[in-house]
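Subject: Structure handover

Hi,

Here is the structure you asked for. My notes follow below it.

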Amino acid sequence: MRAAPVQDKWAWVSGLFAVGLGLAAHMTAGGSAPALPVLLGFAALCCLAAQLLAHWVHGPLLLLLASGVAQQLLHFGFAAFGGYFPGSGLVDHLHGASQSLSDAPALAASGGGSPHIMLYTHMAAAILTLALTAGVTGLLRRASLTATRGNTA
């Protein structure tokens with residue numbers, strides 16, 4: 001039986017990267033975080049998806065596509081389960097205009113934050129997820145090769 005490559009053993013870590021960076025991107029752009037059990041559920045699903053995709057998806061463009069799709073799904077999940085409260089994101093604190101309490105129901109229904117900033121931050125999270133995953137995979141591959149050479153010598 002053939003041993004599993006190192007990148008297949010640690011692929012689940014990229015699911016954690018995706019959720020963490022996606023949450024940071026979502027909150028930076030003005031969205032709010034869902035409850036902790038929902039975050040743990042998203043993390044578990046992303047880790048499972050990353051582990052399954054590691055066997056079939058090889059190549060940076062396909063990985064970037066998968067990372068972008070994951071960020072889009074995470075955005076929908078964060079928006080559905082997180083809600084929006086004006087002034088809760090970093091961008092709203094820095095650039096938002098002051099709103100009165102009478103504007104709160106209309107703003108809460110809008111989905112929160114600028115859609116352009118939300119798009120840019122989630123795109124950055126997808127690219128960073130790909131870069132971190134590729135870096136960790138390369139590091140683990142080198143460590144595995146070094147250990148294999150040490151065992152055979």
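Is Cys46 buried or exposed? Cys46 is buried, with a relative accessible area of 15%. Please keep in mind that this is a predicted model.

Cysteines first. Disulfides in the structure: zero. Cys46 takes part in none, and its nearest cysteine sulfur belongs to Cys47, 7.2 Å away. The cut-off for a disulfide is 2.5 Å between sulfur atoms, so at 7.2 Å Cys46 and Cys47 do not form one. Cys47 is in no disulfide either. Cys47 is also buried, at 13% relative accessible area.

Next, the core. The largest nonpolar core has nine residues. Cys46 is one of them. The others are Ala18, Val19, Leu23, Leu39, Phe42, Ala43, Leu74 and Phe78. Three elements each give two or more residues to this core: α2 (12-28), α3 (36-53) and α4 (60-82). Helix α3 has the largest share, with four residues.

Ala18 is worth a look in the viewer. Setting aside neighbours within four places in sequence, Ala18 is in contact with Gln71, Leu74 and Thr129. Leu74 is a member of the core as well.

Last, the surface. Leu62, Leu65, Val69, Leu73 and Phe76 make a nonpolar patch of about 510 Å². Where is Val69 found? It is in helix α4. Val69 has 44% relative accessibility, so it counts as partly exposed. Helix α4 therefore holds a patch residue, Val69, and also gives two or more residues to the core.

Best wishes

Terms used. Residues are numbered from 1 along each chain as its sequence is written. This is a predicted model: local features need pLDDT of at least 70, side-chain atom pairs count only at pLDDT 80 or more; totals for chains, interfaces and linings use all residues. Side-chain values use heavy atoms; hydrogens and water are left out. Buried means under 20% relative accessible area, exposed over 50%, partly exposed in between (1.4 Å probe, protein chains only). A nonpolar core is a set of buried Ala, Val, Leu, Ile, Met, Phe, Trp, Tyr and Cys residues joined through side-chain atoms within 4.5 Å. Contact means heavy atoms within 4.5 Å. Patches are made of residues with over 30% relative accessible area and no salt bridge: like charges are joined within 9 Å, nonpolar side chains (Val, Leu, Ile, Met, Phe, Trp, Tyr) within 5 Å. Accessible areas come from the Shrake-Rupley method with a 1.4 Å probe; for residues, only the protein chains shown count as cover. A salt bridge is a side-chain nitrogen of Lys or Arg within 4 Å of a carboxyl oxygen of Asp or Glu.
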